[in-house]
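Okay, thanks everyone, I'll keep this short. Have a look at the sequence and the model while I talk.

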Amino acid sequence: MTIRGVDAYEQYLISELKLKKEPIPFGTRYTLPIETGKGTIESFGDKSRWAAWILDCQIQQSMQFSYIQKDESFIGFAYREGNPPEDLMDIAYPSSDVAEGQITPGLSMRVACVYFFDGFLREYPGYNSDLMDFIRAVQDHDESVIMKHINPALLQMLKNKQTGLGRRIFVESHVLGIMAKLLDIVDKERDGVRKIKLSDYDKERLALTPQILANSIQNPPGIAKLARQIALNEQKLKTGFRQLYGMTIYEYLRRTRMEKAIQMLADDTSIRDVAAQVGYSTLHGFSQTFFKYYGKSPAEWRRDNDTHE
C-alpha cells in the first residue's frame, strides 16, 4: 500500500490499528484496542507550522507500506525508548521519493517527537530562509550537537502527566523552547562566532580537516573526535575552520557530499547506493538534502542530465 502525506499516514494508522479517537484540547488522543495492541498515541500542533507526537504504546499488528511525502518538507527530532526503528518517525523528504515502512508485532514505543515545517519561522521579523537548511546540515553531520540540548525537553514531554489544556500548553511551551534552542545553536555555530587569531600551527592543523572529511564521507567524525584528530580544541576548530574556508564544517561536509553525489548519479549508480556512499542512512534524508541543495530530487536531476539519450 502506498501512502501520500502526513494526513493519509495518520488515517492509515487509525484504520489499520483500529484506533479509538478522543479529541483533547488542541490535539487528538488515540487509544489502541486490545486486538491491535495497547497504549496511546497523542498528536498536537498546527501542521502548517509544527507538530508533536507522543507515543506510549505496544503494537501487536503487522503492517507494511510505502510512504511518499507530498507535504512541505520539515525537520524532525525524536527521543525514543523501547525498540522502534529510528527512521519510523523520520518522514521528511521530497514527493518524488518513496520510503518503505514496516511495523512488526511486539513493537514497543515510548517516543516524543517534534517536527518543524519550513514555514514555521516565516511570520517572525528577522526570518532568514536558510535557517532550517543550516539546522539540517548540523543534523546530517553530528546530530549529537543538537540532541544533547533538546533531549531534556523531549523527555519532559514524554513524562508529563498533565491533562486537558494544561497538557497542551506544556507541550507547546516545550516545542517553542526546542526551536529557541535550535536557533541558539545556529547562532553559536555560524553567526555568533568572533574572529580569532590563528597561528601557523593552527592553520596547518585546520588544513587537515577537509581531507579527513573527504576520506570519511560515509561516517565522518563528530566535532569532538575531529578536534582530537587535528589536535585543536573544539572552539578553535569550528571558529578557525569558518575563518579559513568561509563556511562551517557542517556546510562544508554537505557540499562535499552533494558534489560526490552528482558524480555518482552521472555514473548511473542507483540512488539508494549514492545515498549510502555519501553518508546518509536513509534514502529520504539524502533526497531531502539533495532537493534543498539543487532544487530538484536525485531522480529529477538524473533525468534532466541524462547523456545516454
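Before the aromatics, one bit of vocabulary: rings of Phe, Tyr and Trp count as a pair if their centres lie within 6.5 Å, using the six-membered ring for Trp. And keep in mind that this is a predicted model.

With that rule, the structure holds eight aromatic pairs. One of them is Y293 with Y294, and that pair is edge-to-face, at 5.0 Å centre to centre with 75 degrees between the planes. So are those two tyrosines buried or exposed? Neither, really: Y293 counts as partly exposed because its relative accessibility is 35%, and Y294 is partly exposed too, at 29%.

Now zoom out a little. Y293 and Y294 belong to one aromatic cluster, together with Y280, F286 and F290. Y280 also has a charge for company: the charged end of R257 sits over its ring, 5.0 Å from the centre.

Okay, on to helix α8. That's residues 234-245, so 12 residues by the helix assignment. From first C-alpha to last, α8 reaches 16 Å, close to the 16 Å expected at 1.5 Å a residue.

What happens at its two ends? At the start, a side-chain oxygen of N233 comes to within 3.2 Å of the backbone nitrogen of Q235. At the other end, α8 is followed by G246, which has a positive phi, near 75 degrees.

And which residues of α8 are buried? Those are L237, T239, G240 and F241. They pack against α5, α6, α7 and α9. If you're looking for that last one, α9 is 249-266.

How values were computed. Residues numbered from 1 in each chain as written. Predicted model: local features only at pLDDT ≥ 70, side-chain atom pairs only at ≥ 80, totals over all residues. Heavy atoms only, no water. Helix = DSSP H or I, 4+ residues; strand = E, 2+ residues; numbered from the N terminus. Expected span 1.5 Å × (residues − 1). Buried < 20%, exposed > 50% of the residue type's maximum accessible area, 1.4 Å probe, protein only. Contact = heavy atoms within 4.5 Å. Polar contact = N/O pair within 3.5 Å; in protein donor to acceptor, adjacent residues only side chain to side chain. Phe/Tyr/Trp six-rings, centres within 6.5 Å; stacked < 30°, edge-to-face > 60°. Lys NZ or Arg CZ within 6 Å of the ring centre and 35° of its normal.
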